[in-house]
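Trainee: I keep meeting words such as "buried" and "oblique" in descriptions of proteins. Could we go through one structure and see where those words come from?

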Amino acid sequence: MSWLWQNGYFTQVGPLVIGAVAIWVALLNQRRQLNAQMFIEISARFQELLRMFPTDAWLANLNPSRPLPPQSQEVRDCTLYCIQLVADVYHLHQAGYITKRLWVLWEREIKRTLTGPVFRREWEGISAEFANNPDFFRYITALVHSKTQIVTPSFSKG
């Protein structure tokens, strides 16, 4: 009777275990897919912002040896849009929608951008727009005023 009982037990429990594993794998795949979609969407928004940003301002921000362009409403607006995109990503990360691995990749670029001279200069004029969210405000202020700027390596031919 023991053998029949064990056989019946595995017949009933086996499909439950297999079903639970299948659900777990499906949820993992869905999370990966959502992160890929977020990456694509955020990257597309960033590319759109890059096209809007004045080229001389963007290059001066990445390379401190270049002269800063004069202040303008266009540069200020583009800076505001960039920081708003960072705010969106930051809030998604804080809410747990973005994996730590993906956040680390994005945060490296965020730091590189926000420590540049153009963003440092423009932050003073637009920071009030983000004062309603103290955590994000402190995060960006700390990045903008950090001592270390991450410099983009320049590659030359030959």
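Mentor: Let's take the labels one by one and set each value against its cut-off. Keep in mind that this is a predicted model.

Trainee: What does the secondary structure of the protein come to?

Mentor: The protein has six helices and zero strands. Read from the N terminus on, the elements run α-α-α-α-α-α. Of its 158 residues, 29% count as buried.

Trainee: Let me start with a loop, then. Where is G116, and why does G116 count as buried or exposed?

Mentor: G116 is in the loop between α4 (100-114) and α5. The relative accessibility of G116 is 0%, and buried means under 20%, so G116 counts as buried. In space, G116 is 7.9 Å from A60, C-alpha to C-alpha, while the two are 56 residues apart in sequence.

Trainee: What about S72: which label fits S72, and why?

Mentor: S72 sits in the loop between α2 (55-62) and α3. Its relative accessible area is 32%. Buried would need a value under 20% and exposed a value over 50%, so S72 is partly exposed. The C-alpha atoms of S72 and E122 are separated by 9.7 Å, with their positions 50 residues apart along the chain.

Trainee: Now the helices. Why is α3 called parallel, perpendicular or oblique to α6?

Mentor: Helix α3 (residues 73-94) packs with helix α6 (residues 134-144) at an angle of about 120°, and their axes are 11 Å apart. Roughly perpendicular covers 65 to 115 degrees, and roughly antiparallel begins over 145. The angle fits neither range, which makes α3 oblique to α6. Their crossing is right-handed.

Trainee: And what makes α5 oblique to α6?

Mentor: Helix α5 (residues 117-126) and α6 pack at about 140°, with axes 10 Å apart. Roughly antiparallel needs an angle over 145 degrees, so this pair counts as oblique. Here α5 passes α6 in a left-handed crossing.

Trainee: Next, salt bridges. How many does the structure hold?

Mentor: There are five salt bridges. In general, side chains of opposite charge can pair when their charged atoms come close.

Trainee: How do you know that R45 and D88 form one?

Mentor: The closest N and O atoms of R45 and D88 are 2.8 Å apart. The cut-off is within 4 Å, so the pair qualifies as a salt bridge. This pair links distant parts of the chain, with R45 in helix α1 and D88 in helix α3, 43 residues apart. R45 counts as partly exposed because its relative accessibility is 31%, and D88 counts as partly exposed at 24%.

Trainee: What about R76 and E122: how do their side chains meet?

Mentor: They meet in a salt bridge, with 3.2 Å from N to O. Again, distant parts of the chain are linked: R76 is in helix α3 and E122 in helix α5, 46 residues apart. R76 is partly exposed, with a relative accessible area of 27%. E122 has a relative accessible area of 0%, and buried means under 20%, so E122 is buried.

Trainee: Where do D135 and R138 lie?

Mentor: Both lie in helix α6, three residues apart, about one turn of the helix. Salt bridges that share partners also join R76, R121 and E122 into one network. Going back to D135 and R138, their side chains meet in a salt bridge at 2.6 Å, N to O.

Trainee: Why do D135 and R138 get their accessibility labels?

Mentor: D135 has 44% relative accessibility, so D135 counts as partly exposed. R138 has 51%, and exposed means over 50%, so R138 counts as exposed.

Trainee: One last label: which residues form the nonpolar patch on the surface?

Mentor: V17, V21, W24, V25 and L28 form that patch, with about 460 Å² of accessible area together. Take V17, in helix α1 (residues 2-52). Its relative accessibility is 47%, so V17 counts as partly exposed. A patch residue needs over 30% relative accessible area, and the value for V17 meets that.

Note on methods: Residues are numbered from 1 along each chain as its sequence is written. This is a predicted model: local features need pLDDT of at least 70, side-chain atom pairs count only at pLDDT 80 or more; totals for chains, interfaces and linings use all residues. Side-chain values use heavy atoms; hydrogens and water are left out. Patches are made of residues with over 30% relative accessible area and no salt bridge: like charges are joined within 9 Å, nonpolar side chains (Val, Leu, Ile, Met, Phe, Trp, Tyr) within 5 Å. Accessible areas come from the Shrake-Rupley method with a 1.4 Å probe; for residues, only the protein chains shown count as cover. Helices (H or I, at least four residues) and strands (E, at least two) are DSSP runs, numbered from the N terminus. Buried means under 20% relative accessible area, exposed over 50%, partly exposed in between (1.4 Å probe, protein chains only). Axes are lines fitted to C-alpha atoms, for helices over the stretch in contact, and angles run from 0 to 180 degrees between N-to-C directions. Angles under 35 degrees count as roughly parallel, over 145 as roughly antiparallel, 65 to 115 as roughly perpendicular and the rest as oblique. A crossing is left-handed if the near helix is turned anticlockwise from the far one by less than a right angle, and right-handed if clockwise.
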